[in-house]
Amino acid sequence: MLASAIIVAALAGHLQTRPCTAGQARVASECGTYTVYENRAGRSGRTIELNFIVIKAQHPSHHAIVWNPGGPGASSTAAADAVADGGFPRELSALRDRYDVLLVDNRGTGKSAPQLCDFAPVDRPELYFLHLWPDALVRSCRAKLARSADLSLYTTSIAADDLDELRAALGYSQLVLDGGSYGTRFYLDYARRHPASVESIVLDGVVPPGLLIVPLEDATGAQTAMTRVIAACRADTACDAHFPSLGAHFDALVRRFDRGPVRVPLKQATSKRVVSLSLSKEVFADRLRQLLYNPEGAAYAPLIIQRAYEGDYAPLATMVDMVAQGLSQELAMGLNFSVTCAEDVPFITEADVARTSAGSFEGDLRVRAQQRACRIWDVASAPRSFVRPVRSDAPILMISGTDDPASPPAYAQEALRYLPNARILLVRNASHGTETRCGDRVIVEFIRARSANGLDLESCSSEYHRPPFATSMAGFGD
């Protein structure tokens, strides 16, 4: 089947499996596809073959953990080798003694009729250094995908129903839901729609439906994360010695971008030529925010800011390009728009924008960029019921980092009002989806016990330590 194909099948509900292996250890697994209707409500017309991998438990008990990395737009099956070899996410390695690990590419991701868009073409950096999503590229990709898909049928709730149908076809009575970032929204909605199918839920970097709207809170999250980086640098003897005026210099750099795009030199990866590009504040601010998702990336932020303040923009250009290319490779951006343009952007008000952008270096730039792209993407809005907070009695463990610029911990705290059997592990100095050994251990204990009661969360909250701040660009992006 072509990577982007959606085919018309005689009958949905067809399960096809074959033995396979995963990872260097060649762990016994089952690879397969399950056919669903693109239009689940109509139950006719085009179908999608959902791609999945089941990494088998060492001692089968017919229980399964289904893991979703987020996005929206990331592939779950792409992580199969890492999961089988004990890599990210590490908790799955310990739990494979009794649990199968189910990795499913949601519709529009991975190998399940992926909605792929390249908004950062390597040969056209002048486009993506000016706009997060260049209008011409958004328009072109939408037209291409719409020839073989109804883009309004690629939403969280429809994908949740796909997953529950697959669960039943595979014979699992319940699932442990383990998700990060957007995966937390996906699983909370799944729990709302299919409560009897849930054994327990792990939510890392919590994005609760109805409480956190993408990208509305990005400006506040970016400012909080950057403020904490500056404070951490000031408290670090080596960082403060190298960058004693980091806060003032960052403010001055932001004001420079307020006056208009700044010319920056980029050494292109393919041609090795250095080209001069106009970098807008829209792109500068959001790529910096995305750098702060990763503590190892955030460790370079003071150096990049200081060098740019001094007029050396090469490290900043490298960072912008690296983040843009990474997102382009990791996410099916068409699916990202099909989800966010249906479930988030329609529910943003001007009062919301004014409230969340005030006092932030990013301001309203990310929101306006996504609103502009969504006008082009033009999908039907999700029902208003989607943005009501999820109520669930399931056992839930939520994990949040104090420095998370994407899903600040306040939203997990707010979600607690609706989740009576949930608890939060708040990890100081951690960012978006930061793994810790103690956190992994707590997740394993929680899933085995099927309860968050009695977990020692406080001892894990201070376990994480930031990586050292960088004083040279050596190793950046490695």
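## Exercises on a predicted model

At 6% relative accessibility, cysteine 117 counts as buried. That value comes from a predicted model, and the exercises below work through its disulfides, salt bridges and cavities.

**Exercise 1.** Find the partner of cysteine 117 and state which parts of the chain the pair ties together.

*Solution.* Start with the sulfur atoms: those of cysteine 117 and cysteine 141 are 2.0 Å apart, and the two residues form a disulfide. Next, place each end. Cysteine 117 sits in the loop between β6 (99-104) and α3 (125-128), while cysteine 141 belongs to helix α4 (residues 135-146), so the link ties together parts that are 24 residues apart in sequence. Then take the torsion about the S-S bond, which is about -90°, so this disulfide is left-handed. Finally, check the other end for burial: cysteine 141 also counts as buried, at 6% relative accessibility.

**Exercise 2.** Work out the handedness of the disulfide between cysteine 20 and cysteine 31, then that of the link between cysteine 233 and cysteine 239.

*Solution.* Take cysteine 20 and cysteine 31 to begin with; their sulfur atoms lie 2.1 Å apart in a disulfide. Strand β2 (residues 15-22) holds cysteine 20 and strand β3 (residues 27-37) holds cysteine 31, so the bond ties together parts 11 residues apart in sequence. The torsion about this S-S bond is about 90°, so the disulfide is right-handed. Cysteine 20 is buried, with a relative accessible area of 13%, and cysteine 31 is buried at 12%.

Now turn to cysteine 233 and cysteine 239, joined with an S to S distance of 2.0 Å. Here the torsion is -95°, and the link is left-handed. Both of these cysteines are buried.

**Exercise 3.** Give the number of disulfides and write the pairing of the bonded cysteines in sequence order.

*Solution.* Counting sulfur pairs within 2.5 Å gives 5 disulfides. Number the bonded cysteines in sequence order, and the pairing reads 1-2, 3-4, 5-6, 7-8, 9-10.

**Exercise 4.** For the salt bridges of helix α5, locate the partners of glutamate 165 and aspartate 162.

*Solution.* The whole structure has 31 salt bridges. One of them joins arginine 40 and glutamate 165, at 2.7 Å from N to O. Arginine 40 is in the loop between β3 and β4 (46-55) and glutamate 165 in helix α5 (residues 156-170), 125 residues apart. Aspartate 162 pairs with arginine 107, with the closest N and O atoms 2.6 Å apart. Aspartate 162 is in helix α5 and arginine 107 in the loop between β6 and α3, 55 residues apart. Both aspartate 162 and arginine 107 are buried.

**Exercise 5.** Describe the salt bridge within helix α15 and name the members of a salt-bridge network.

*Solution.* Aspartate 352 and arginine 355 meet at 3.6 Å, N to O. They are 3 residues apart in helix α15 (residues 350-357), a separation of about one helical turn. Aspartate 352 counts as buried, at 18% relative accessibility. The network links Asp218, Asp286, Arg289, Glu362 and Arg366.

**Exercise 6.** Characterise the largest cavity by volume and lining.

*Solution.* The search finds 8 cavities of 30 Å³ or more, and the largest has a volume of about 70 Å³. Its lining includes Ala225, Leu292, Asp403, Asn429 and Arg466. Sorted by class, the lining has 6 nonpolar, 2 polar and 2 charged residues. Helices α7 (218-235) and α11 (295-298) each supply at least two of the lining residues.

Notes:
Residues are numbered from 1 along each chain as its sequence is written. This is a predicted model: local features need pLDDT of at least 70, side-chain atom pairs count only at pLDDT 80 or more; totals for chains, interfaces and linings use all residues. Side-chain values use heavy atoms; hydrogens and water are left out. On a 1 Å grid over the protein atoms alone, a cavity is a set of points where a 1.4 Å probe fits but cannot get out, and a pocket is an open set with protein on both sides within 12 Å along at least five of seven lines; lining residues have an atom within 4 Å of a point. Grid points are joined across faces, edges and corners, and a volume is the space filled by probe spheres set on the points. Helices (H or I, at least four residues) and strands (E, at least two) are DSSP runs, numbered from the N terminus. Ala, Val, Leu, Ile, Met, Phe, Trp, Tyr, Cys and Pro count as nonpolar, Asp, Glu, Lys and Arg as charged, and the others, Gly among them, as polar. Buried means under 20% relative accessible area, exposed over 50%, partly exposed in between (1.4 Å probe, protein chains only). A salt bridge is a side-chain nitrogen of Lys or Arg within 4 Å of a carboxyl oxygen of Asp or Glu.
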